[in-house]
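Visitor: Could you take me through this structure? I would like to start with a helix and then move on to the contacts between side chains.

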Amino acid sequence: MSIDLKNKTALVTGASKGIGKGIALELARLGCNVAVNYNSDLHGAEETASEIRNLGREAFAIQADVGDSAAVERMFAEIFARFTRLDIAVNNAGCQTWKALLDLSEAEWDRVIDTNLKGCFLVTQKAAAHMKERGGGAVVNIGSGCNMFAFPMLSSYTASKGGIEQFTKVSAVELGRHGIRVNCVAPGAVEIERTKLEAGDYAGTWAQATPLGRVGLPVDVAQAVAFLVSDYSGFITGQTLYVDGGLFAKPHWPYGY
């Protein structure tokens with residue numbers, strides 16, 4: 001199977017580092033021109049865009065807080081000033097607050113929900129309105145293992161990602177008639193800049209719990225996204241694909257397997 005995305009244009013939110021950067025680079029490698037969204041990490045976004053241009057594709061960094069409707073409007077205006085079309089939107093931008101439910105402030109809750117869930121809504125709505133006029137497109141939302149299981153100390157993050165999975169389904173139902181497919185990719189334990197700080201040996205810790213015996217990498221998620229935006233998944237919509245090495249298929253099993 002050889003995925004060809006030549007002459008396609010994509011927006012990837014939160015693409016200055018980590019999974020978002022991996023997705024942006026993979027889409028570019030397969031032929032896409034890419035709008036590289038960031039909120040605060042201009043240097044990282046410019047690096048991502050530079051690497052894409054080195055692949056022979058068009059790319060530019062664009063700042064926007066995806067949880068702010070005015071910022072999203074401005075972002076799309078700039079995208080369409082540079083690109084004549086948008087075929088693919090990847091809602092990757094996200095944040096989390098690691099804190100017990102009883103200690104979580106309203107402001108901390110709002111920040112996570114606004115970025116992760118509201119941002120997904122705002123970007124999907126704007127992208128889909130354009131895709132409807134063009135006769136179709138593909139949206140991929142980045143979920144999490146907490147789509148399936150509760151993550152202690154991450155109540156706002158878990159709520160936002162669970163909401164993204166259901167938002168994916170209802171978006172797919174409503175937008176299918178316009179030729180727009182909407183799917184969700186839910187990563188397991190993926191080693192990126194942020195997760196490396198969660199444990200002294202993040203990769204080793206999570207490899208032990210993962211049936212495939214290793215931690216995930218951004219490219220693992222990126223390749224799943226590339227499949228879901230390609231013609232090879234032309235009859236797939238409203239689905240969640242877990243990219244987790246089997247981590248969330250494995251129950252807590254007290255007999256040591």
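Guide: Certainly. On helix 3, the face turned away from the buried side carries the exposed residues Ala70 and Ala81. Please keep in mind that this is a predicted model.

Visitor: And which residues of helix 3 are buried?

Guide: The buried residues of helix 3 are Ala71, Val72, Met75, Phe76 and Ile79. Seen down the helix axis, these residues fall within an arc of 135 degrees, so they line one face of helix 3.

Visitor: Why would residues spaced like that point the same way?

Guide: An α-helix has 3.6 residues a turn, so residues three or four places apart point the same way.

Visitor: What do the buried residues of helix 3 pack against?

Guide: They pack against strand 1 (9–12), strand 2 (33–38), strand 3 (59–63) and helix 4.

Visitor: What span should helix 3 have, and what is the distance between its ends?

Guide: Helix 3 has 14 residues, and at 1.5 Å a residue it should span 20 Å. The C-alpha atoms at its ends are 20 Å apart, which agrees with that expectation.

Visitor: Which residue caps the N-terminal end of helix 3?

Guide: Aspartate 68 caps that end. One of its side-chain oxygens lies 2.9 Å from the backbone nitrogen of alanine 70.

Visitor: Now the charges. How many salt bridges does the structure hold?

Guide: The structure holds 10 salt bridges. As background, side chains of opposite charge can pair when their charged atoms come close.

Visitor: Which residue does glutamate 73 pair with?

Guide: Glutamate 73 forms a salt bridge with lysine 126, and their closest N and O atoms are 3.1 Å apart. This pair links distant parts of the chain, since glutamate 73 is in helix 3 (residues 69–82) and lysine 126 is in helix 4 (residues 106–134), 53 residues apart. Glutamate 73 is partly exposed at 43% relative accessibility, and lysine 126 is partly exposed at 28%.

Visitor: What about glutamate 51?

Guide: Glutamate 51 forms a salt bridge with lysine 21, with the closest N and O atoms 2.9 Å apart. Glutamate 51 lies in helix 2 (residues 42–54) and lysine 21 in helix 1 (residues 18–29), so the pair ties together parts that are 30 residues apart in sequence.

Visitor: Is lysine 21 buried or exposed?

Guide: Lysine 21 is buried, with a relative accessible area of 17%, because buried means under 20%. Its partner, glutamate 51, is partly exposed at 32%.

Visitor: Which residues are linked with these two in a network?

Guide: Glu47 is linked with Lys21 and Glu51 in a network of salt bridges.

Visitor: And lysine 6, what does it pair with?

Guide: Lysine 6 forms a salt bridge with aspartate 4, and their closest N and O atoms are 3.9 Å apart. Lysine 6 counts as exposed at 52% relative accessibility, while aspartate 4 is partly exposed at 48%.

Visitor: Changing topic: how many aromatic pairs are there?

Guide: The structure holds 5 aromatic pairs. In one of them, the rings of phenylalanine 121 and phenylalanine 167 have their centres 6.4 Å apart and their planes at 85 degrees, so the pair is edge-to-face. Phenylalanine 121 lies in helix 4 and phenylalanine 167 in helix 5 (residues 155–175), so the pair ties together parts that are 46 residues apart in sequence. Phenylalanine 121 is partly exposed at 35%, whereas phenylalanine 167 is buried at 18%.

Visitor: How are the rings of phenylalanine 149 and phenylalanine 248 arranged?

Guide: Their centres are 6.1 Å apart and their planes are at 40 degrees, so the pair is tilted. Phenylalanine 149 is in the loop between strand 5 (137–142) and helix 5, and phenylalanine 248 is in the segment after strand 7 (240–243), 99 residues apart. Ring pairs also link Phe149, Phe151 and Phe248 into a cluster.

Visitor: One last residue: where is threonine 124, and what does its side chain contact?

Guide: Threonine 124 is found in helix 4, and at 3% relative accessibility it counts as buried. Its side chain makes a polar contact of 2.9 Å with the side chain of asparagine 91. Leaving aside residues up to four places away in sequence, threonine 124 touches Asn91, Val139, Asn141, Phe167 and Ser171. Phe167 is also the ring partner of phenylalanine 121 described above.

Methods: Residues numbered from 1 in each chain as written. Predicted model: local features only at pLDDT ≥ 70, side-chain atom pairs only at ≥ 80, totals over all residues. Heavy atoms only, no water. Salt bridge = Lys/Arg side-chain N within 4 Å of Asp/Glu carboxyl O. Buried < 20%, exposed > 50% of the residue type's maximum accessible area, 1.4 Å probe, protein only. Helix = DSSP H or I, 4+ residues; strand = E, 2+ residues; numbered from the N terminus. Expected span 1.5 Å × (residues − 1). Arc of directions from axis to C-beta. Contact = heavy atoms within 4.5 Å. Polar contact = N/O pair within 3.5 Å; in protein donor to acceptor, adjacent residues only side chain to side chain. Phe/Tyr/Trp six-rings, centres within 6.5 Å; stacked < 30°, edge-to-face > 60°.
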